[in-house]
Amino acid sequence: GNVPGFPEPAPAPRPRGSKAAKLPAAEPSPVDEIMGSMKDFQKLQPEMSQLPQSSYGALAQRAQELYGRFQELQSPGTGDSQLRAFHSLLSALVSDAREAIADHRATEAEPGGAAREEDQRREEE
């Protein structure tokens with residue numbers, strides 16, 4: 001589900017003269033979907049870095065594991081079903097990251113929430 005207050009990323013404009021424009025837009029390939037999710041995840045990284053270390057660490061570890069799996073998937077003979085399975089894991093990671101960011105914002109907005117956050121940051125430095 002969409003996190004309220006989180007803007008949906010705008011679809012990337014496709015250059016008019018590109019070959020991609022001739023493909024039917026209805027069915028993006030699993031690789032396109034994976035690339036789209038990876039871009040979404042990269043867009044979230046500046047905000048993820050504001051998260052408490054525990055949340056950030058867990059997300060970063062999952063991202064690292066998925067990246068390793070993605071490299072394995074780039075070998076010849078990888079089927080669409082494997083790519084789709086990978087994409088669903090990646091999508092789950094992106095939505096978890098969005099949720100963590102939204103929760104973090106909510107915590108910071110609560111009275112006293114921001115102060116608790118600051119205390120944790122001071123201890124880490």
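## Packing of helix α1

The buried residues of α1 pack against α2 and α3. In this predicted model, the buried positions of α1 are P30, I34, S37, M38, D40, F41, L44 and M48.

The length of α1 can be checked against its residue count. With 19 residues at 1.5 Å a residue, α1 should span 27 Å, and its end C-alpha atoms lie 26 Å apart, so the two values agree.

## The chain as a whole

The protein chain contains 4 helices and 0 strands. Along the sequence the pattern reads α-α-α-α.

Of the 125 residues in the protein chain, 24% are buried. The exposed surface of the chain comes to about 8,800 Å², and carbon and sulfur atoms supply 54% of that area. Among contacts in the protein chain with a separation of 6 or more, 70% are between residues 24 or more positions apart.

## Helix α3

Helix α3 has 30 residues. From its first C-alpha to its last, α3 reaches 43 Å, close to the 44 Å expected at 1.5 Å a residue.

The buried residues of α3 are L83, F86, H87, L90, L93, V94, A97, R98, A100, I101, A102 and H104. Three residues of this helix are described next: Q82, H87 and R98.

## Three residues of α3

Q82 lies in α3 and has a relative accessibility of 39%, so Q82 counts as partly exposed. Leaving out residues up to four places away in sequence, Q82 touches L73 and G77. The C-alpha atom of Q82 is 9.3 Å from that of P30, and these two residues are 52 residues apart along the chain. P30 is one of the buried residues of α1.

H87, also placed in helix α3, has a relative accessibility of 15% and therefore counts as buried, the cut-off being under 20%. Apart from neighbours within four places in sequence, H87 is in contact with E33, I34 and S37. Of these contacts, I34 and S37 are listed among the buried residues of α1. R98 sits in α3 as well and is buried, with a relative accessible area of 14%. R98 and F41 are 57 residues apart in sequence, while their C-alpha atoms are 8.9 Å apart in space. F41 is another of the buried residues of α1.

## The second largest pocket

Rolling a probe the size of a water molecule over the atoms shows where empty space is left. The second largest pocket holds about 220 Å³ of space. Its lining consists of M38, F41, Q42, Q45, A63, Q64, L66, Y67, F86 and L90. The elements that give two or more residues to this lining are α1 (30-48), α2 (53-73) and α3 (80-109).

By class, the lining of the second largest pocket has 7 nonpolar residues, 3 polar residues and no charged residues. Some lining residues also appear among the buried positions of the helices. M38 and F41 line the pocket and are buried in α1. F86 and L90 line the pocket and are buried in α3.

Technical notes:
Residues are numbered from 1 along each chain as its sequence is written. This is a predicted model: local features need pLDDT of at least 70, side-chain atom pairs count only at pLDDT 80 or more; totals for chains, interfaces and linings use all residues. Side-chain values use heavy atoms; hydrogens and water are left out. On a 1 Å grid over the protein atoms alone, a cavity is a set of points where a 1.4 Å probe fits but cannot get out, and a pocket is an open set with protein on both sides within 12 Å along at least five of seven lines; lining residues have an atom within 4 Å of a point. Grid points are joined across faces, edges and corners, and a volume is the space filled by probe spheres set on the points. Ala, Val, Leu, Ile, Met, Phe, Trp, Tyr, Cys and Pro count as nonpolar, Asp, Glu, Lys and Arg as charged, and the others, Gly among them, as polar. Buried means under 20% relative accessible area, exposed over 50%, partly exposed in between (1.4 Å probe, protein chains only). Contact means heavy atoms within 4.5 Å. Accessible areas come from the Shrake-Rupley method with a 1.4 Å probe; for residues, only the protein chains shown count as cover. The expected span of a helix is 1.5 Å times one less than its number of residues.
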